Amino acid sequence: MEYYERIKMRREQMRMSQDSLAEKTGYSGKSAISRIEKGEVDVPQTKINEFCNALQVSPNWLLLGVEADGLSPHEKRLIEAYRKAPPLFQKAVDDLLQL
C-alpha cells in the first residue's frame, strides 16, 4: 500500500471529509486532497507533519506503513485485526470507543 492510499484509508476511518482534511492541512479544497489520494500528486515534504497531525498517525506509518515505535505486540495485533475487519465491524469498534 502506498502512502496516498493510507491517507485515504485513515481519513475514511476517521469519517473525515476531504474538505475537512484540506482545511486541516492548508489546502484550498477537496480537489487537492482527491488528487493526493489518487496518487496524481505527491504531498510536499513540508506538509507531511500537517497530514500526520490531521490524521493522528506517525510519519513512519504514513510514509512507510510501519506502526510507530512504542506499541506493544498486543496493540499491533489489535491494529492489524482492525484493518482486516469489514467496514461494519470497524464502525462498531469506532462507535464503542467513541472515535
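**A friendly note on an all-helix chain**

1. Let's start with how the chain folds back on itself. Among contacts between residues at least 6 apart in sequence, 51% join residues at least 24 apart. Please keep in mind as you read that this is a predicted model.

2. Next, the overall make-up. The chain has seven helices and zero strands, so its pattern along the sequence reads α-α-α-α-α-α-α. The radius of gyration is 14 Å, close to the 13 Å that the globule rule gives for 99 residues, so the chain is as compact as a globular protein of that length. If you picture a box along the principal axes, the C-alpha atoms fill roughly 40 × 25 × 20 Å.

3. How much of the chain is buried? Buried residues make up 33% of the 99 residues. As for the surface, the chain exposes about 6700 Å², and carbon and sulfur atoms supply 53% of that area.

4. Now a word on charge. There are 15 positive and 15 negative side chains in the chain. The centres of these two sets lie 3 Å apart.

5. Helix 4 is a good place to look in detail. This helix spans residues 48-55, and its buried residues are Ile48, Phe51, Cys52, Ala54 and Leu55. Why do they sit on the same side of helix 4? They cover an arc of only 165° around the axis, which puts them on one side together. Here is the background: an α-helix has 3.6 residues a turn, so residues three or four places apart point the same way.

6. Turn helix 4 around and you meet its other face. The exposed residues Asn49 and Asn53 are carried on the face turned away from the buried side.

7. What covers the buried residues of helix 4? The cover includes helix 1 (3-13), helix 2 (18-25), helix 3 (30-37) and helix 5 (59-64). Try finding each of these in the structure above.

8. Just after helix 4, have a look at the backbone. Gln56 follows the helix, and its phi is positive, near 55°.

9. Finally, pick out one residue of helix 2, namely Ser20. Is Ser20 buried, exposed or partly exposed? With a relative accessible area of 24%, Ser20 is partly exposed, because the buried class requires a value under 20% and the exposed class one over 50%. Ser20 also gives you a link back to helix 4: Ala54, one of the buried residues there, is 34 residues from Ser20 along the chain, with 9.2 Å between their C-alpha atoms.

Key. Residues numbered from 1 in each chain as written. Predicted model: local features only at pLDDT ≥ 70, side-chain atom pairs only at ≥ 80, totals over all residues. Heavy atoms only, no water. Buried < 20%, exposed > 50% of the residue type's maximum accessible area, 1.4 Å probe, protein only. Helix = DSSP H or I, 4+ residues; strand = E, 2+ residues; numbered from the N terminus. Arc of directions from axis to C-beta. Contact = heavy atoms within 4.5 Å. Rg over C-alpha atoms; globule rule 2.2 N^0.38 Å. Areas by Shrake-Rupley, 256 points an atom, 1.4 Å probe, with all protein chains shown as cover. Lys, Arg positive; Asp, Glu negative; His and termini not counted. Charge placed at Lys NZ, Arg CZ, Asp CG, Glu CD.
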